[in-house]
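Welcome to this guided tour! Keep your viewer open, and select each stop as we reach it.

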Amino acid sequence: RTHSQLAQVIKELGNTAYKVRTTVLGSRQQLCLHDKVSKMAGQGANFTCRALVQHKQCRWHMKSRHDRVVQELSASVPAPIDIEELCKVGRHTEVCPYFLSRDLAGTADVIFMPYNYLVDTMARSQLSTINWSNAVIIVDEAHNIQDACNNNASFDLTGEQVLNAIGEMEAAQKVVKENISSGRASEGQLVLDDRGQQAGPVGAVTNQAELVDRLRCGVKILSAFYQKLCELDPTPAEPAPYGRSSGGYGSGAATELEGLAQKGEALLTLLAELDITPDSYGSYLQQLLLDAIGVLSDHELASGRAMAVKAGVVAGGLSAVMSALDITFASIQPLWSDPVRRTTGPPAYRGYRLFIHRSEPKGGKVSSFPGLRGFGACTGFTMLGAGCQCSAY
């Protein structure tokens, strides 16, 4: 389940007589060698990494050198390596271990990965080099797989996080305005290379003025979303029968939730009323959230506050909102597909439940705002309002 456990398996494989090509998959936080990105966490790290690679500003990701190392390792059968050894190979060859591990997956006989790389739809979709046809999947400690599926298809989004996201979007807008007024950047978004120099414009953002307008629009979208949460009535007609327990919807002590339970598609309906749909999210809002996260992460690094970025406290609200929406819209995908009969199963959200209730904050005082919580059989989403909560499992 974890990289430390994978390291034990990799070590044991190395002690056998079997000689097979292997690779181990990990996150940027574990494998990145870039001086700046390695100090970041979450979406900030992902965003900045993609920007540096796109503009060829990361010295660890040079295509000619990368392709040569991939070809050499794919042609040979080296001893199985874990995360630590993979980083050593990256430093020795001056090649990014993160991208190296993924490209080696295309020719590997055995691929080691934590549960979430397999059960998380979005994480799995990024493993394009893996040929899943006729693959044999071995799950260690498989009794934990239900909780892994549950956790990867669930989220908790508090009203405080939504308010933080609004404030962070406004802060990003302020940073970009300051860049314009001070002349620090005439176009694009501030992204730093290994030497702390500006790497150039990022993504689809063509100028700072456009970005300011888009961030202003993002504040309005998030404010409308928060207002919608505050308007929800959590009073149920009768006690809802949903709850978490070790025998059903997850691990931990049994919990009796009080509030209003609805079908899972109610959350999608709520978002659609705000014009937040799969199309609008994929074509506009998702990139806007990424841009705002990137602005704040770059600003913190440029200001010398790397520890805040490393701890993930920068743009925490925006990252939480983005993760929640990613999981929510992933629930539209069918539960299964049969390529032979050309049929598909029902959308995943059919098995979800939306639960609206009031929550108690850390101080013990009951909040005046409603919230959402939803539950499904094994997958779903969780969404918390400032006093209201929405979850689904």
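Leaving aside its neighbours within four places in sequence, which residues is Leu-289 in contact with? Select Leu-289 and look around: its partners are Met-169, Tyr-281, Leu-318, Val-321, Met-322 and Leu-325. Before we move on, keep in mind that this is a predicted model.

**Stop 1: the largest nonpolar core**

Leu-289 is a good doorway to the largest nonpolar core, where Leu-289, Met-169 and Leu-318 have the most contacts. The core has 49 residues. To see where they come from, colour the helices α10 (159-182), α11 (208-230), α12 (265-272), α13 (278-302) and α15 (316-330), each of which supplies at least two core residues. Now highlight α11, because it gives the largest share, 10 residues.

Another core lies apart from this one. It has 25 residues, and you can find it by selecting Leu-31, Val-37, Ile-83 and Tyr-98, which are among them.

**Stop 2: the largest pocket**

Next, select Asn-116, Asp-120, Met-122, Ala-123 and Gln-126. Of the 45 residues lining the largest pocket, these are the closest to its centre. The pocket holds about 1,600 Å³ of space.

Which elements should you show around it? Those giving two or more residues to the lining are α2 (28-31), α3 (42-54), α6 (97-104), α7 (115-119), α8 (121-125), α9 (145-152), α13 and α15. Pick out α15 here, as this helix gives the most, with six residues. Try colouring the lining by class too: you should find 20 nonpolar, 18 polar and seven charged residues.

**Stop 3: the second largest pocket**

Now move to Ile-111, Phe-112, Val-136, Ile-137 and Ile-138. They are the closest to the centre of the second largest pocket, which has 26 lining residues. About 730 Å³ of space lies in this pocket. Show α1 (3-14), the strand β2 (110-112) and α7, which each give two or more residues to the lining. Colouring by class gives 20 nonpolar, three polar and three charged residues here.

**Stop 4: the cavities**

How many cavities of 30 Å³ or more does the structure hold? There are two.

For the largest cavity, select Cys-32, His-34, Cys-49, Cys-58 and Cys-96, which lie nearest its centre among 13 lining residues. The space inside is about 90 Å³. Both α3 and α6 supply at least two residues of this lining, and the largest share, three residues, comes from α3. By class, the lining has 11 nonpolar residues, one polar and one charged.

For the second largest cavity, select Ile-221, Leu-222, Phe-225, Leu-271, Ile-276, Leu-285, Val-321 and Leu-325, which line it. About 40 Å³ of space lies inside. The elements giving two or more residues to this lining are α11 and α15, with α11 supplying the largest share, three residues. The lining divides into eight nonpolar residues, no polar and no charged.

**Last stop: back to the start**

Keep Val-321 and Leu-325 selected, since you have met them before. They line the second largest cavity, and they are also among the residues in contact with Leu-289, where the tour began.

Key: Residues numbered from 1 in each chain as written. Predicted model: local features only at pLDDT ≥ 70, side-chain atom pairs only at ≥ 80, totals over all residues. Heavy atoms only, no water. Core = buried A, V, L, I, M, F, W, Y, C linked by side-chain atoms within 4.5 Å. Buried < 20%, exposed > 50% of the residue type's maximum accessible area, 1.4 Å probe, protein only. Helix = DSSP H or I, 4+ residues; strand = E, 2+ residues; numbered from the N terminus. Contact = heavy atoms within 4.5 Å. 1 Å grid on protein atoms, 1.4 Å probe; cavity = no way out; pocket = protein on both sides within 12 Å on 5 of 7 lines; lining within 4 Å. Points joined across faces, edges and corners; volume = space filled by probe spheres on them. Nonpolar A, V, L, I, M, F, W, Y, C, P; charged D, E, K, R; others polar.
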